[in-house]
Amino acid sequence: MEDFTFLAVGGWADGSRISSVNIAGRELNYDVIEDNIVSLLPDETLVPGTEYTIEVVAEDDSANSITREFNIMYSPAQFRVSDVPEQVFAYTHRFSGRLSQSAGKKCRFSTTPEVAIASSTAFYKGCVVTFPTIPEGVTTSLRRSSVDFYGNINMEGTINVPYEVVYYNRDGLSKSVFEGSFTVESLPTPPISLTMLDENQVQEGIYSLPYNAKRITKFEVVGTSGEIKVTTQAGSQSNEKTVRGTRRFGMREMKMRLERLDTEETKVWDMVPYTVSALHTNIPDEVATETFNVLITPHSGTRAYLDIEAIPDGTTEDEYAVSIRAGIYNRREKTYIYDAQTMGMWTAQMGYTQRREIVPFGDIFELDENGEATTVMSGQEMFDINSRFVVILRSVSPVEGFDKEIVSRPQFVRVLKGEAVEGDINKNEIVDRVPFRVRAKYSYASRDDSRVAGDRTWQVSYDGENFADIPESQSTTYSFSVTDPSTAFYRYKVVNAYTGAEGYSSIMKVVGYDVPDLTLGGPRTLLRDQQGEFTVTVNDEVYTAEDMTFEWSLDNGETWNEDATSITHQAAENFLVQVRARLDNSADEVGSRAYDTASRSVKIIPPEPVKIRIDGARYGEVGFAYELEASVSHDRDLVAQDIVSEWRLPDGTVVEDTSISHTISEEDVVEKYVTFTFAAWIRDYKEETLREVNKRVFAHHYIFPEGRMGAGTRVAMAPSTGKAWVTRHDTSVPGVDFDYEWQVDDAVTILSQSSTRMSFQINEPGTHMISSIVRDNRGNEQLYTTFVEAMEIAPMEITVESQSSKENMRAPLTMRFKPSIRLKHPNDGVDYYEIEYDGEVKQTTSTYNYVDINEAGVHDVTFRVYSDFGQMGEVVMPIEVLPNLPPECAPAVEYRNERHYVYHNCTDDNLVNVHYAWEDGSFDDVGESLYFRNDNFPSETVTITATDLLGETTITTVSW
C-alpha cells in the first residue's frame with residue numbers, strides 16, 4: 001500500500017487537508033507528508049489479488065468537505081506452471097516444467113531476497129519462488145522471467161509439488177502474493193525388452209553376413225521414453241550407442257541396425273559369436289540381452305557370368321561352346337577378379353528362364369581354382385528350349401544347410417531351325433457356288449520356321465497328285481477367282497534357306513459348282529379330282545434343260561423320281577408339288593447344295609357356283625348400241641379355270657362370250673327396262689358350279705336438256721372482273737358429250753374458261769352482253785345470253801397540306817407538300833405524282849415533295865395525281881412569299897478581365913456572314929463575339945458588317 005500517495009488541492013490557500021483514508025469500513029494508517037499530502041503505510045491484513053475501495057476524505061478551513069472513492073486491485077499477480085506432464089515413469093522418464101507469471105505486477109525472479117530487493121524498481125518487483133518440497137532427482141533453474149525444473153523423479157506414486165511467490169520492494173518490505181501447486185503421477189518403469197528381427201536370419205540363432213558387408217540385421221528395443229543405452233560385443237570388440245529420451249510419456253518401439261564389428265581377421269564361412277544388450281541408463285541393473293552367431297558368407301559382389309558362343313546363322317545341326325565364370329568384373333581394366341578366400345568355391349549348372357522362374361537342366365560340375373568352367377551345348381537342345389539361358393552357381397559351404405545360389409544374366413542365342421519349314425493353310429476344303437473368290441493364307445508353325453524361310457511358292461494340281469508351281473505367287477497370301485465349275489488342289493512350298501530342306505503345307509481342295517435357276521408353273525387351286533399340269537422352266541442364259549437332271553416329288557421331298565420338265569397330277573386333297581435339278585457337271589463333294597428346288601402348293605376345293613360380276617351403264621338408249629362386260633371367278637381361285645360363259649339377249653339369242661354389244665330396239669323394252677342374262681360354270685362341273693345373273697337396264701329416248709345462264713362482277717365500276725356460268729340437267733346418257741362456246745363484246749376480255757364456267761374482265765363502262773352456245777354430239781345446240789353492267793369511276797378527291805420552312809414566309813424558303821388522296825374505285829391506287837412550279841414539271845412517287853422559292857410574290861404550285869386506272873386529279877396552290885429584310889444589329893461592348901468583348905447581336909433568318917473591321921485588321925465571322933486586349937487596344941472603333949443569304953447588308957459601328 002506504500003505505493004499510494006493522495007493529494008488534496010482547493011485551487012487557492014484555503015487550508016485544504018486530508019482528514020481520513022478508509023478501506024473496508026476501517027481507517028488505514030498513513031504518513032502525513034503535508035496537511036494536504038499523505039502516503040499509505042503497509043497493511044498486513046489485506047489479501048493479495050483482492051479488489052478494494054479506498055475512501056479519501058478532504059476538508060478546508062471553511063468546513064467544506066469532499067469524499068472520493070478509488071477502486072484498486074491489491075497486489076494483482078497470477079502465476080502458472082506449464083509443460084508439466086501428468087504422468088511420468090519413475091527413474092527413466094525425463095521430467096520438466098516451467099513456472100512463469102501470467103498476470104499482474106511484473107516481477108523479476110531472483111535466487112535470494114537480497115537479489116530480489118536489489119532488482120526491484122518502480123515498474124518491476126523482485127520476487128523469490130520457493131518450493132517447500134520437491135521430488136528427489138528434480139532440480140530448479142532460475143531465468144529472468146521464469147523458473148524451470150527438470151530431472152528424473154526417483155520415486156513412485158502421486159506427488160504434489162507446492163510453491164510460493166514473495167514480492168520485495170526496494171526498501172526491503174516483502175509480501176507473499178501467490179501460492180500454488182501442481183501434481184504429477186510417477187509410475188513404475190516397465191522392464192526393457194530386446195528382440196532380434198528375421199532379416200538375414202538363416203537359422204535359429206544364426207545370421208548370414210557377406211564377407212564385404214557391414215550391416216548384419218535389425219533388432220527392436222522396447223522401453224520407456226527415457227534414455228536407453230545399447231551395447232554390441234563380438235569377441236574383444238564392443239560398441240555402445242545411447243538413444244536420448246523424450247518428454248513424451250509412453251513406451252518407445254525403436255528398430256535399430258546391427259553393424260558388423262571388426263574383430264580378428266575373418267574369412268568366408270567363419271562363425272562369429274555376437275552379444276547385444278540394452279538398458280535404461282538410470283536403471284543399470286535391469287539389462288535385456290540377446291546372443292547369436294554371424295556366419296560369414298561369400299563376397300556379395302560375386303557374380304555368375306555366362307558366355308555362349310554366337311555362331312552366325314547357326315542351326316540345330318551346330319554345337320555351341322559355353323564359358324562360365326564366377327567373380328567380379330572390373331569394368332575399368334576389363335578383367336575378372338576371383339579370390340576363393342573371400343568368394344568361396346562354386347558348382348555350376350545350366351538353366352533357362354520360364355515365366356520369371358529359373359529352370360535348371362543338365363549336369364552339375366565344379367569350377368576350377370580360377371572360378372572358371374567350359375561346356376558344350378547342342379544346337380538342337382538350345383532350339384528346343386528356345387528361351388534365355390543362365391548359369392546357376394551354388395556355393396560349396398562347409399556348414400550344412402547354408403548354400404548360396406547366384407544366377408547369371410540371361411543370354412539368348414538365336415538358333416535357326418535346320419529341318420523342313422512347317423506351316424499350314426487356313427482352309428482345307430472350299431466348296432462354293434461360282435463365281436466366288438478364294439483368299440488362301442499360309443501361316444508358319446512358329447517364328448522359328450519363318451526365320452529360315454527361303455524360296456517359296458504356291459502350287460496347284462488338278463488330280464491331287466501332280467503339283468506345279470504357280471508363277472509370281474511367293475507371298476504367303478494367294479487370292480484367285482473361280483468362275484467355272486471345277487475341282488483343284490493347292491499347297492504352299494517353302495525351302496529352308498540354310499539347309500535346303502523342303503516343307504509343304506497341307507492340301508487345300510477347291511470345288512466350284514453352279515446351281516440352275518428353276519421356276520415351277522401350274523395351278524394353285526384345283527377342284528376335287530381335277531387334273532393339273534405342272535411345268536418347270538430353266539431361267540438361265542448359260543444352261544438349258546439338257547445340262548441337268550430333273551427330279552420330282554409329291555410327298556414333301558421324301559422320295560424323288562427322275563422325270564421330264566412337266567408332270568400331271570390329280571388328287572382329292574391338298575398336295576405339294578416339288579421339282580429339283582442339278583447340273584450334270586457338279587462334283588460329288590457339293591452334295592445337296594448343287595440342287596435348286598422349286599415348289600408349288602395346290603389347294604383342293606369342292607365345286608361351288610362361280611362368282612359373276614357385270615359392268616355396264618345403268619341407262620340404255622333405244623336405237624343405240626349398249627355394251628356389257630362380265631367377269632367370272634371361283635372362290636379363292638389363283639389360277640384361271642376352264643370356265644364356260646354365255647349371254648342370253650332380250651330377244652332370246654345366246655352368245656358364248658363375256659362381253660357383248662347390243663343395239664336396243666323398241667321391242668326389247670318391257671316397262672321401261674331391258675333385261676340381259678349372263679350364265680357361267682366350270683367345264684365338266686356345270687351342275688355344281690352354274691350361276692346366272694340378270695342385268696336390268698333402264699331404257700329411254702334422249703332429249704336435249706334445258707339449262708340456265710348466270711353472270712356477276714366483283715365491282716360495279718369499270719374496270720372489273722367477273723364470272724359467267726351455264727347450268728344444265730345431268731342426263732347420264734352414255735356417249736353424249738357437250739361443247740361450250742363463249743362470246744363477249746369488244747369491251748370485255750375473256751381471262752379463262754373451262755366447260756361450263758368463264759372468267760372475264762370489263763374494260764369500259766356500260767352494259768355488256770355475254771353469250772354461250774351449248775352443243776351436244778347429237779347435233780343439238782342452245783344459245784344462252786345475259787348482261788352485265790359497269791359504271792364510270794367517280795373523280796378522285798385531293799387535299800394537299802403545305803408547310804413552310806419559315807414561319808414568317810420570307811424569301812428564300814422551302815415548301816413541303818403532303819397529299820391526301822381518296823380514290824373512288826376500291827382496286828385503284830396512286831401510280832405517281834407531278835409537281836409543277838415556275839414552268840418545271842417533276843414526277844415522283846414519294847408522298848412528301850419539296851419546292852424551293854427564292855423570290856417574293858405570289859407563286860402557283862400545281863400538284864397532280866395519276867391513278868393506276870388512268871384517272872388524273874389536279875390541285876393548284878397559290879403561295880405568297882414576303883420580301884427578304886436586311887439583318888438587324890445592335891452591337892455592344894463589355895469590359896472584363898482586362899479585355900474588351902465586342903458582341904455583334906445581329907439577327908436574321910438568312911444570316912450567313914458577319915465581318916469585323918478596325919484600324920489594325922479585320923476578321924470574318926468568328927462567332928457572336930470578338931475580344932481585344934486592353935494593353936494593345938485601350939481604345940478602338942470596330943465596324944460590323946452583317947450579310948444574309950440574298951446579299952442584304954447592314955453596317956454598324958461600336959467604340960470604347
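**Exercise 1. In which strand is I762 found?** Determine also whether I762 is buried or exposed.

*Solution.* The structure is a predicted model.
Step 1. I762 belongs to strand β64, which covers residues 757-762.
Step 2. The relative accessibility of I762 is 0%. Buried means under 20%, so I762 counts as buried.
Step 3. For a comparison of sequence and space, take I762 and D924, which are 162 residues apart in sequence. Their C-alpha atoms are 71 Å apart in space.

**Exercise 2. Describe the aromatic pair formed by F6 and F70, and locate both residues.**

*Solution.* A pair of aromatic rings is described by the distance of the centres and the angle of the planes.
Step 1. The whole structure contains 37 aromatic pairs. One of the pairs is formed by F6 and F70, with 5.3 Å from centre to centre and 45° between the planes.
Step 2. Planes under 30 degrees apart count as stacked and those over 60 as edge-to-face, with the rest tilted. The pair of F6 and F70 is therefore tilted.
Step 3. F6 lies in strand β1 (residues 5-7) and F70 in strand β7 (residues 65-74). With these positions 64 residues apart, the pair links distant parts of the chain.
Step 4. F6 has a relative accessible area of 8% and is buried, whereas F70, at 31%, counts as partly exposed.

**Exercise 3. Carry out the same analysis for F131 and Y163, then name the aromatic cluster that includes them.**

*Solution.*
Step 1. The ring centres of F131 and Y163 are 6.3 Å apart and the planes stand at 50°, so this pair is tilted.
Step 2. F131 is placed in the loop between β12 (125-130) and β13 (138-142), and Y163 in strand β15 (residues 157-168). The pair therefore ties together parts that are 32 residues apart in sequence.
Step 3. F131 is buried at a relative accessible area of 18%, and Y163 is buried at 5%.
Step 4. One aromatic cluster is formed by F79, F95, F109, F131, F149, Y163, F178 and F182.

**Exercise 4. Which parts of the chain are tied together by the salt bridge of E589 and K509, and by that of E621 and R778?**

*Solution.* Side chains of opposite charge can pair when their charged atoms come close.
Step 1. The count for the structure comes to 28 salt bridges.
Step 2. In the salt bridge of E589 with K509, the closest N and O atoms are 2.1 Å apart. E589 lies in the loop between β50 (575-583) and β51 (596-605), while K509 lies in strand β43 (residues 508-513); the pair therefore ties together parts 80 residues apart in sequence.
Step 3. E589 is partly exposed at 31% relative accessibility, and K509 is buried at 18%.
Step 4. In the salt bridge of E621 with R778, the closest N and O atoms are 2.5 Å apart. E621 lies in strand β53 (residues 619-621) and R778 in the loop between β65 (766-776) and β66 (781-790), so the pair ties together parts 157 residues apart in sequence.
Step 5. E621 counts as buried at 9% relative accessibility, and R778 as partly exposed at 26%.

**Exercise 5. Locate the salt bridge of R775 and E741, and list the residues of a salt-bridge network.**

*Solution.*
Step 1. R775 and E741 meet through their side chains at 3.0 Å, N to O.
Step 2. R775 is in strand β65 and E741 in strand β62 (residues 738-744), so this pair ties together parts 34 residues apart in sequence.
Step 3. R775 is partly exposed at 26% relative accessibility, and E741 is partly exposed at 31%.
Step 4. E834, E836, R864 and E874 are joined into one network by salt bridges that share partners.

**Exercise 6. Identify the residues of a positive patch and of a nonpolar patch on the surface.**

*Solution.*
Step 1. Positive charge gathers in a surface patch of R303, R331, K334 and R409.
Step 2. K334 is located in the loop between β27 (319-330) and β28 (335-337). Exposed means over 50%, so K334, at 62% relative accessibility, counts as exposed.
Step 3. V912, L949 and L950 make a nonpolar surface patch of about 270 Å².
Step 4. L949 lies in the loop between β81 (941-948) and β82 (953-959), and its relative accessible area of 53% makes L949 exposed.

Note on methods: Residues are numbered from 1 along each chain as its sequence is written. This is a predicted model: local features need pLDDT of at least 70, side-chain atom pairs count only at pLDDT 80 or more; totals for chains, interfaces and linings use all residues. Side-chain values use heavy atoms; hydrogens and water are left out. Patches are made of residues with over 30% relative accessible area and no salt bridge: like charges are joined within 9 Å, nonpolar side chains (Val, Leu, Ile, Met, Phe, Trp, Tyr) within 5 Å. Accessible areas come from the Shrake-Rupley method with a 1.4 Å probe; for residues, only the protein chains shown count as cover. A salt bridge is a side-chain nitrogen of Lys or Arg within 4 Å of a carboxyl oxygen of Asp or Glu. Lys and Arg count as positive and Asp and Glu as negative; His and the chain ends are not counted. The place of a charge is taken as NZ of Lys, CZ of Arg, CG of Asp or CD of Glu. Helices (H or I, at least four residues) and strands (E, at least two) are DSSP runs, numbered from the N terminus. Buried means under 20% relative accessible area, exposed over 50%, partly exposed in between (1.4 Å probe, protein chains only). Rings of Phe, Tyr and Trp (its six-membered ring) pair if their centres lie within 6.5 Å; planes under 30 degrees apart count as stacked, over 60 as edge-to-face and the rest as tilted.
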